[in-house]
Amino acid sequence: MKELNDIGDDEIRVISNREYHLVCPSDPDNSKNSPWGCVGCAAIVVAIIVGVVWLLFWHSCDDASEQESLTVTNQGASNSDEVVLHKKGYVERLDTVVGGVPLVVLTPHDAVPSLHVGADVLKSKDAVMAMQAADIRSDNGGIVGAFVVEGNLLSRGKAKTGFCAIIDGTITIGVADATPLFEKAIESGGYFFRQFPLVVGNQIVENKPRGDSLRKALAEWRGAIVVVMSRTAMSYHDFSQILVDMGVTNAIYLVGSSSAGFAVNSHGIRTNYGEPSPPLYENVNYIVWR
């Protein structure tokens with residue numbers, strides 16, 4: 001280099017007050033340089049420069065490859081989010097014991113509740129849970145109490161003060177002789193049925209029917225709507241007390257005993273509960289999650 005600043009990006013500067021010579025490998029006395037040795041030394045210098053340039057190029061390509069990999073990963077995360085949004089529903093089962101009484105708690109996830117009339121739902125492929133909802137009259141096979149499906153009033157009556165309203169996919173459980181949710185279910189194309197109340201505001205609700213049987217409830221528990229089933233025969237009072245003991249906020253009765261129902265877990269395995277009792281009434285009805 002003739003000038004101080006005359007240096008390229010791929011060149012190396014050696015600064016010293018001493019004069020250096022390229023020493024030929026064939027000249028151990030350093031007294032004389034062989035042209036072949038100098039050529040070899042020059043080749044080594046060129047190789048070093050080429051190696052440095054190659055390393056810089058490889059690092060640049062590696063960064064680009066890593067960026068591409070991150071982009072693919074991000075795309076994968078986006079697709080994963082879409083899958084979650086369209087994830088098929090399932091039912092989580094919890095086997096527990098409260099006050100010495102064995103219970104099964106079924107919690108639906110990623111599924112929308114509705115009501116259905118007809119036992120054909122027991123063969124449904126898209127439902128993840130179905131449990132018999134309103135009682136059926138033994139004399140004429142009609143539904144006991146008010147019953148609304150997709151805004152259509154199929155049955156009238158206030159024989160039972162407990163109710164379940166499903167409006168815009170949200171379940172509300174309560175106790176009232178008259179509730180505006182009944183009219184709202186009709187106006188909004190929702191669902192509504194009545195049953196015996198079991199728990200209201202963490203308090204037991206007494207019911208007139210006596211006798212022991214397998215019990216089933218639609219309950220509000222830990223901020224979620226669940227189905228609670230006893231595995232031993234119980235009275236209404238004892239079942240209500242167990243629900244309160246386990247921390248249920250509100251609950252109404254579902255048809256118990258050996259009434260048919262099913263639930264599908266996260267692995268797609270279906271468990272049937274109870275047995276259809278022939279002959280099935282035409283108006284047998286279910287609360288269903290799809």
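**Salt bridges and an open sheet in a predicted model**

A search of the whole structure finds 5 salt bridges, and before I go through some of them I should say that what we have here is a predicted model. As general background, side chains of opposite charge can pair when their charged atoms come close.

Let me begin with Arg231 and Asp95, whose side chains meet in a salt bridge at 3.4 Å, taken from N to O. Arg231 lies in the loop between strand E13 (224–230) and helix H3 (236–245), while Asp95 lies in strand E1 (residues 90–98), so this pair ties together parts that are 136 residues apart in sequence. Asp95 counts as partly exposed, because its relative accessibility is 41%, and together with Arg93 and Arg231 Asp95 is linked in a network of salt bridges.

A second pair is Lys160 with Asp135, where the closest N and O atoms are 2.2 Å apart. This pair also links distant parts of the chain, since Lys160 sits in the loop between E6 and E7 and Asp135 in the loop between strand E4 (129–132) and E5, 25 residues apart. Both Lys160 and Asp135 are buried.

Arg137 and Asp139 form another salt bridge, with their closest N and O atoms 2.6 Å apart; here Arg137 is partly exposed, with a relative accessible area of 39%, whereas Asp139, at 56% relative accessibility, counts as exposed.

Now to the sheet, which is open and has 5 strands in the order E6-E5-E9-E7-E8, paired in antiparallel fashion. Its edge strands are E6 (152–155) and E8 (170–175), each of which pairs on one side only, and neighbouring strands are turned by 25° against each other on average, direction ignored. Strand E7 (residues 162–167) is joined to E8 by 6 bridges, the two running antiparallel, and Ile166 has Ile171 in E8 as its bridge partner. Helix H2 (residues 180–187) packs on this sheet, touching strand E5 (147–149), E6, E7, E8 and strand E9 (191–195), and the direction of H2 makes about 35° with that of E7.

Finally, which contacts does the side chain of Arg194, a residue of strand E9, make with backbone oxygens? Arg194 is buried yet has no salt bridge, the nearest side chain of opposite charge being Asp177, 6.1 Å away. The side chain of Arg194 does reach the backbone oxygen of Ala176 at 2.9 Å, and a polar atom of that side chain lies 3.1 Å from the backbone oxygen of Lys160, the residue we met earlier in the salt bridge with Asp135.

Technical notes:
Residues numbered from 1 in each chain as written. Predicted model: local features only at pLDDT ≥ 70, side-chain atom pairs only at ≥ 80, totals over all residues. Heavy atoms only, no water. Pairing = 2+ DSSP bridges. Helix = DSSP H or I, 4+ residues; strand = E, 2+ residues; numbered from the N terminus. Axes fitted to C-alpha atoms, helices over the stretch in contact; angles between N-to-C directions. Contact = heavy atoms within 4.5 Å. Buried < 20%, exposed > 50% of the residue type's maximum accessible area, 1.4 Å probe, protein only. Lys, Arg positive; Asp, Glu negative; His and termini not counted. Salt bridge = Lys/Arg side-chain N within 4 Å of Asp/Glu carboxyl O. Polar contact = N/O pair within 3.5 Å; in protein donor to acceptor, adjacent residues only side chain to side chain.
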